[in-house]
Amino acid sequence: MLRNGDDPDIPPVATGSHIDAIPYSGKYDGVVGVLGAIEAVNALRRSGFKPKRSLEVILFTSEEPTRFGISCLGSRLLAGSEPLADALKGSVDGQNVSFFYAARSAGYAHDQDNLSSVFLKKGSYSAFLELHIEQGPLLEEEGTSIGIVTAIAAPASIKVDFEGNGGHAGAVLMPYRNDAGLAAAELALAVEKHVLESGSIDTVGTVGILDLHPGAINSIPSKAHIEIDTRDIDEKRRNSVIEKIHHSAITIAKTRKVKLSEFRIVNQDPPALSDESIIKAMEDASEELNLTRKLMISRAYHDSLFMARVSPMGMIFIPCYKGLSFILPFVVSLDLFLLQC
């Protein structure tokens, strides 16, 4: 969606978000940023306002990593990720459907396999602004109207595989076991330990996937697959946690006499800072609208993390019921924020 400005020769202002969501996340995860952007542009059009800069609404695809295991797939590509463009040529989902087949089925990619055609040059936009639910309880609990995001934490994803020896749960005695499942369980606890030892509340780690093979109650797991998410606003501190997790995986494999067949860092992204001028514009607009505000750090990553590589970036958080996206009690007037940008 495009709203033409008076001067087509200067970079436009872009706004938008994503429409996919994690399982059972509710209706408003990213879609409020898309619908809010469309309504903001329409409100400006209805008012008769003609902006100097053109306004563009962007709808991102595959912000969540639930299908192809890669977060913010659309915005990463727009930001010019050549390693991702190469990796997607061989990527398949859990049903062995290739990325390009899925993209073409959804109306994208058409007949071309050259994903670099969507890369944006730095400075393509004068500003990018994303409206999103907080995904946390603070704004609602404090009765604050909006959160102004100052920084987005640095996320990293890790995939780990252990291989041991299977066997009957009753026949193989404990001293003779090489249990891949227990190796994975021990590593999950090590993740928690290393995160807590960082000394910062901003360091977090999550083991969201743990798959055992063959997956029978009376069978010793011969294979275990574990996926780890760790993030921090401090990239160096987060990377230190990753190194400790890797060292623990090696030590656990050696101690339990199983094979560490894979330890792969899927992504290891740097944090992003919101642009000072956009933060100031959001503060001025909230003042004009009589909205209470709170400066916040986003510990969840968003498409804005990668759009910051293309243009100055800012994010607006709005309250959500108990930190979930099932009920949206407050809608912000995004059109005025766009005017300030």
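**Exercise 1. Determine how the lining of the second largest pocket divides by residue character, and which elements supply it.**

Step 1. The lining residues of the second largest pocket divide into 16 nonpolar, seven polar and four charged. Here Ala, Val, Leu, Ile, Met, Phe, Trp, Tyr, Cys and Pro count as nonpolar, Asp, Glu, Lys and Arg as charged, and the others, Gly among them, as polar.

Step 2. The second largest pocket has 27 lining residues, and Thr61, Leu73, Gly74, Phe99 and Tyr108 lie nearest its centre. On a 1 Å grid over the protein atoms alone, a pocket is an open set of points where a 1.4 Å probe fits, with protein on both sides within 12 Å along at least five of seven lines; lining residues have an atom within 4 Å of a point.

Step 3. Two or more lining residues come from each of β3 (55–60), α2 (73–78) and α4 (99–105). The largest share, four residues, belongs to α2. Helices (H or I, at least four residues) and strands (E, at least two) are DSSP runs, numbered from the N terminus.

Step 4. The space in the second largest pocket is about 600 Å³, where a volume is the space filled by probe spheres set on grid points joined across faces, edges and corners.

The model is predicted: local features need pLDDT of at least 70, side-chain atom pairs count only at pLDDT 80 or more, and totals for chains, interfaces and linings use all residues. Residues are numbered from 1 along each chain as its sequence is written, and side-chain values use heavy atoms, with hydrogens and water left out.

**Exercise 2. Locate the largest pocket with respect to the domains, and describe its lining.**

Step 1. The domain assignment gives domain 1 (13–81 + 119–153 + 272–340) and domain 2 (154–268); such bounds come from an automatic or database domain assignment. The C-alpha centres of domain 1 and domain 2 lie 34 Å apart. Nine residues from domain 1 and nine residues from domain 2 take part in the contact, where contact means heavy atoms within 4.5 Å.

Step 2. The largest pocket lies between the two domains, because both domain 1 and domain 2 give residues to its lining.

Step 3. The largest pocket holds about 1,300 Å³ of space. Its lining has 41 residues, of which Ile22, Asp229, Arg231, Ala300 and Tyr301 are the closest to its centre. Elements giving two or more residues are β6 (154–163), β8 (204–213), β10 (223–232), β11 (259–268) and β13 (293–298).

Step 4. With five residues, β13 gives the most to this lining. By character, the lining of the largest pocket comprises 17 nonpolar, 14 polar and 10 charged residues.

**Exercise 3. Is Ser17 buried or exposed, and which residues does Ser17 contact?**

Step 1. Ser17 belongs to strand β2 (residues 13–18).

Step 2. Ser17 counts as buried because its relative accessibility is 0%; buried means under 20% relative accessible area, exposed over 50%, and partly exposed in between (1.4 Å probe, protein chains only).

Step 3. Beyond neighbours within four places in sequence, Ser17 is in contact with Gly30, Gly33, Val34, Ile58, Leu59, Phe60, Glu130, Leu131, His132 and Asp303. A polar atom of the Ser17 side chain lies 3.4 Å from the backbone oxygen of Gly30.

**Exercise 4. Identify the backbone atoms reached by the side chain of Asp20.**

Step 1. Asp20 sits in the loop between β2 and α1 (31–46).

Step 2. Not counting residues up to four places away in sequence, Asp20 touches Asp29, Ser62, Glu63 and Glu64. Between Asp20 and Ser62, the C-alpha to C-alpha distance is 6.2 Å, across 42 residues of sequence.

Step 3. The side chain of Asp20 has a polar atom 3.0 Å from the backbone nitrogen of Glu63, and the side chain of Asp20 reaches the backbone nitrogen of Glu64 at 2.8 Å.

**Exercise 5. Describe the backbone geometry at Pro214, Gln135 and Lys257.**

Step 1. The peptide bond from His213 to Pro214 is cis, with omega near 10 degrees. Pro214 is placed in the loop between β8 and β9 (219–220).

Step 2. Gln135, a residue other than glycine, has a positive phi near 65 degrees. Gln135 occupies the loop between β4 (127–133) and α5 (138–142), and counts as partly exposed because its relative accessibility is 35%.

Step 3. Lys257, also not a glycine, has a positive phi of about 55 degrees. Lys257 lies in the loop between α7 (235–256) and β11, and at 66% relative accessibility Lys257 counts as exposed.

Terms used. Polar contact = N/O pair within 3.5 Å; in protein donor to acceptor, adjacent residues only side chain to side chain.
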